[in-house]
Structures are given as structure tokens and as C-alpha cells.
Amino acid sequence: PPPAPPPAPPADTPMPPAEQLRPVTTRDVDAEAVSALGSSRHQKRRQSRKSFARAVLHPRSPCEIAARAGVGVDSKTALHDLVGSGSGAVQFRVVDADGRVRAQLAADGSLTSASGSLLAYIERDGTVGSAALEYLGEVTPPGAANGVGYVTDGEDALVAEVDYGRAALRSAQGSTVAELRKDGEVLGHRGSHCGRLEGFSYGMLQQAAAYIALIDPDFVQGK
């Protein structure tokens with residue numbers, strides 16, 4: 001016959017001491033607060049990236065430039081050295097397939113039209129702002145693992161990705177939008193000639209991608 005079950009403990013078996021019991025507390029949690037889009041960390045990041053400021057980091061008036069040169073430097077020498085070689089110098093000039101100038105990017109990040117009107121700002125860190133200093137988006141530097149950067153707009157939506165190894169700009173769906181050659185030639189979809197960036201070097205790829213993806217996408221569409 002099967003063995004008899006062990007006897008049940010007496011009804012008056014003492015409970016474990018209170019210090020051995022782990023207290024448990026509960027509280028109501030808002031489902032939105034714990035979601036990826038509703039988290040405070042994400043909201044803080046989104047809010048902080050909807051602003052764009054550059055005046056302190058990029059002095060543009062002669063007085064600001066001279067002051068940035070440092071105390072003890074002769075003001076005439078500072079202005080000659082910094083303005084003559086400096087912030088107003090052109091990084092690259094955008095020329096379309098018909099040879100017409102569309103825009104030019106200065107060393108201080110200001111982007112102007114062919115007529116000289118201010119269009120936007122493209123900073124060296126890849127952030128982009130409008131002429132009214134509204135945040136328009138950013139282009140990230142290449143990732144350490146794959147050499148790819150990402151273009152997001154003012155709402156943090158993915159617009160494109162930059163293949164820094166191939167100097168290519170791809171849409172969010174993966175199709176090639178533009179390719180840049182060493183001499184500054186810009187090729188559009190299926191290798192069509194769109195124009196060139198005069199003065200371009202591969203070190204300017206982040207700024208060039210910002211111009212094409214966030215400011216003037218018509219440039220690579222023949223418009």
C-alpha cells in the first residue's frame with residue numbers, strides 16, 4: 001500500500017517573526033507614464049530639442065569676434081585675423097545642374113540664398129535652426145559600429161540616414177536620395193546629376209546632409 005501522507009501541522013503553529021516578513025506596498029500607475037512615448041525621460045528630451053540657440057557660441061558682430069579673440073590682443077589685429085579669415089568665409093556653395101547658385105553655407109553656420117537673405121543655420125554638431133532660430137532637426141555623426149548617422153526633423157521623426165563611408169543619403173525607407181563625390185558633385189536618384197557643392201570636402205558631409213534633407217530636398221529632385 002502507498003505510504004501515508006505526512007501529518008498536517010497543528011492549527012496553532014506560530015507564524016514567522018515579523019522581522020522575517022518583507023513589506024509590500026502598491027500604488028496606482030498611469031499606463032501612459034510607463035510607455036516609451038509617455039516617459040518623462042523621452043518628453044524631457046523632446047522638449048529640449050525643440051529649441052535652438054547659437055548667439056553665445058557663434059559671435060558674428062565685429063565687437064563679439066574681437067572679444068572672443070581674448071583680452072590683451074590688439075583689436076585691429078584681432079579683427080583682421082578673425083574677420084579676414086573667419087566666420088563669414090564660405091564653406092560650400094550650392095550650385096544646381098544649370099549652374100545657378102541656390103545657397104551658400106558660411107563658416108559660422110549661417111546659410112544664405114543667392115540673393116543674400118538668411119535661410120537657416122547649420123551648426124557643426126549637425127543641429128539645424130531656421131532664420132527665426134526655430135529648431136528644425138539634426139544630423140547625427142557616424143555611429144561607431146556601422147558608420148551611419150541619422151537625420152531627424154523638428155518632431156524627432158526619422159527623415160533619412162547618412163552613410164558616411166559611401167557619402168550617401170538614404171530615405172527612411174532605404175532608397176538612395178543623394179550621393180556626393182569628392183569634387184562636390186551631387187548625384188540624385190538613379191545617379192542623375194543634380195549640381196555640385198563648390199568647396200565641399202568629406203569633412204562637411206554632416207552639414208551637406210542637413211542642407212539636402214532638412215532645408216532644400218528639392219535640390220536633389222531637380223526642382
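**Exercise 1. Determine whether D216 is buried or exposed in this predicted model, and describe its salt bridge.**

Solution.
Step 1. D216 has a relative accessibility of 11%. The cut-off for buried is under 20%, so D216 counts as buried.
Step 2. D216 forms a salt bridge with R102, and the closest N and O atoms are 2.9 Å apart.
Step 3. Locate both residues. D216 lies in the segment after α5, while R102 belongs to strand β2; the two are 114 residues apart, and their pair links distant parts of the chain.
Step 4. Classify the partner. R102 has a relative accessible area of 22%, so R102 is partly exposed.

**Exercise 2. Find which residues form salt bridges with E179, and classify each residue by accessibility.**

Solution.
Step 1. One partner is R166, with the closest N and O atoms 3.6 Å apart. R166 sits in the loop between β8 and β9, and E179 in strand β10, 13 residues apart.
Step 2. Another partner is R181, where the closest N and O atoms are 3.9 Å apart. The limit for a salt bridge is 4 Å, so this pair is counted.
Step 3. E179 is buried, with a relative accessible area of 17%. R166, at 46%, is partly exposed, and R181, at 33%, is also partly exposed.
Step 4. Elsewhere, D96, D98 and R100 are joined into one network by salt bridges that share partners. The count of salt bridges comes to 8.

**Exercise 3. Describe how the strands are arranged and where helix α5 packs.**

Solution.
Step 1. Follow the strands from β1 through β12: these 12 strands make a closed barrel with antiparallel pairing. From one strand to the next, the twist averages 20°.
Step 2. Take one pair as an example. Strand β11 (residues 185-187) and strand β12 (residues 193-198) run antiparallel and are joined by 3 bridges. In this pair, V186 of β11 stands opposite G195 in β12.
Step 3. Add the helix. Helix α5 (residues 205-215) packs on the sheet and touches strands including β1 (90-96), β6 (135-139) and β12. The direction of α5 makes about 135° with that of β6.

**Exercise 4. State how confident the prediction is along the chain, and which stretches have pLDDT below 50.**

Solution.
Step 1. The average pLDDT of the chain is 77, and 61% of the residues score at least 70.
Step 2. Residues 31-48 have a pLDDT below 50; this stretch has 12 contacts in the model beyond near neighbours in sequence.
Step 3. Residues 55-66 also stay under 50, with 18 contacts beyond four places in sequence.

Definitions and conventions:
Residues are numbered from 1 along each chain as its sequence is written. This is a predicted model: local features need pLDDT of at least 70, side-chain atom pairs count only at pLDDT 80 or more; totals for chains, interfaces and linings use all residues. Side-chain values use heavy atoms; hydrogens and water are left out. pLDDT is the predictor's confidence in each residue, from 0 to 100. Contact means heavy atoms within 4.5 Å. Two strands pair if DSSP finds at least two bridges between them. Helices (H or I, at least four residues) and strands (E, at least two) are DSSP runs, numbered from the N terminus. Axes are lines fitted to C-alpha atoms, for helices over the stretch in contact, and angles run from 0 to 180 degrees between N-to-C directions. A salt bridge is a side-chain nitrogen of Lys or Arg within 4 Å of a carboxyl oxygen of Asp or Glu. Buried means under 20% relative accessible area, exposed over 50%, partly exposed in between (1.4 Å probe, protein chains only).
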